[in-house]
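Here are my notes on the model, as numbered points. Please read them with the coordinates open.

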Amino acid sequence: MTEPSYLDCENGRRIAYHQTAGSGPGVVFLGGFKSDMEGTKAIYLQDWAKAQGRVFLRLDYSGHGQSSGVFEEGCIGDWAEDARAVIEARCKGPQVLVGSSMGGWISAILAREIPQKIAGIVGIAAAPDFTEDSMWGDFSTAQRAELIGDGQVALPSEYGEPYIITRKLIDDGREHLVLRGPLDFPFPVRLLQGTADADVDLSVALRLLDHATGDDIRLTLVKGADHRFSTPECLTLIRESVEQVIAASS
């Protein structure tokens, strides 16, 4: 693991990132909930970008990976702010955002906030509004009471330690919902979704497609692919989708 660069933000957060030099439009990888920038998809795309001579950036949100902060103190708004800060400070011109899971939600938030900085989006098992629709929506009465009374609730995870879900995360998520009205995507968008994804239901991809407005938006379903979406075949599809978006945005 190579030493990252850091962006010291005005809010006091220190965001770790890796950026490789090259031509534009650049590609920015936005990871998922409690993930870091050392994952298979991020490294695969970085290697591809290096081989192509294309600018590439990956980052850790605050409370994730090598960035400052505590995960349980963060929320969607903070993590979108982290991504925006790095993009605005370190990326020249419009970028292709590759959003994995929660990164797909953050991509949609940035499309609303800084559309001039976005050349296109590739969503991988995008999970917009998951704090409301998947978490709060699936909580039992007892879990909702625990969250409200204690300020947090623990959820089991297939990826290791239980997830500590805070009331701040749920309340802040409600301030950043993107599937409650039209979502303007005035640039090429490719959405990728596995049919065997146990974390993000196929219905989420269909809702996102339904709410998205734009002239070049496509959803590709991969039969049998799970949430990790990291098999050699899935990685190839991600790369091809990024290449399509770059070509369409030129």
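Two strands are taken as paired if DSSP finds at least two bridges between them. The model is predicted, and the points below should be read with that in mind.

1. Strand 10 and its neighbours. Strand 12 (residues 217-222) pairs with strand 10 in the parallel sense, over 6 bridges. Within this pairing, Leu191 has Leu219 of strand 12 as its bridge partner. Strand 6 (residues 118-124) also runs parallel to strand 10 and is joined to it by 4 bridges. Here Val122 is matched with Arg190 of strand 10.

2. Burial of strand 10. Strand 10 covers residues 189-194, and 6 of the 6 are buried, so the strand is largely enclosed by the rest of the structure. In a regular strand, side chains alternate between the two faces of the sheet. In strand 10, Val189, Leu191 and Gln193 point one way, while Arg190, Leu192 and Gly194 point the other way. Both sets are buried. Note that Arg190 and Gln193 are among these buried residues.

3. Cis peptide. The bond between Gly24 and Pro25 is cis, with omega at about 0°. Pro25 belongs to strand 3 (residues 23-30).

4. Positive phi at Ser101. Ser101 is not a glycine, yet its phi is positive, near 55°. The residue sits in the loop between strand 5 (95-100) and helix 3 (102-113). Is Ser101 buried or exposed? Its relative accessible area is 11%; the cut-off for buried is under 20%, so Ser101 counts as buried.

5. Positive phi at Ala125. Ala125, also a residue other than glycine, has a positive phi of about 50°. Its place is the loop between strand 6 and helix 4 (130-135). Ala125 is buried, because its relative accessibility is 1%.

6. Main nonpolar core. The largest nonpolar core has 56 residues. Those with the most contacts inside this core are Leu30, Phe33, Trp79, Ile106, Leu110, Ile165 and Phe185. Helix 3 gives the most to the core, contributing 7 residues. A second core, separate from this one, has 22 residues, including Leu45, Val98, Leu235 and Leu237.

7. Contacts of Phe33. Which residues does Phe33 touch, not counting those up to four places away in sequence? The list is His64, Phe71, Trp79, Met102, Phe130, Met135, Tyr163, Ile165 and Leu169. Of these, Trp79 and Ile165 are also named with Phe33 among the residues with the most contacts inside the largest core.

Note on methods: Residues numbered from 1 in each chain as written. Predicted model: local features only at pLDDT ≥ 70, side-chain atom pairs only at ≥ 80, totals over all residues. Heavy atoms only, no water. Buried < 20%, exposed > 50% of the residue type's maximum accessible area, 1.4 Å probe, protein only. Helix = DSSP H or I, 4+ residues; strand = E, 2+ residues; numbered from the N terminus. Core = buried A, V, L, I, M, F, W, Y, C linked by side-chain atoms within 4.5 Å. Contact = heavy atoms within 4.5 Å.
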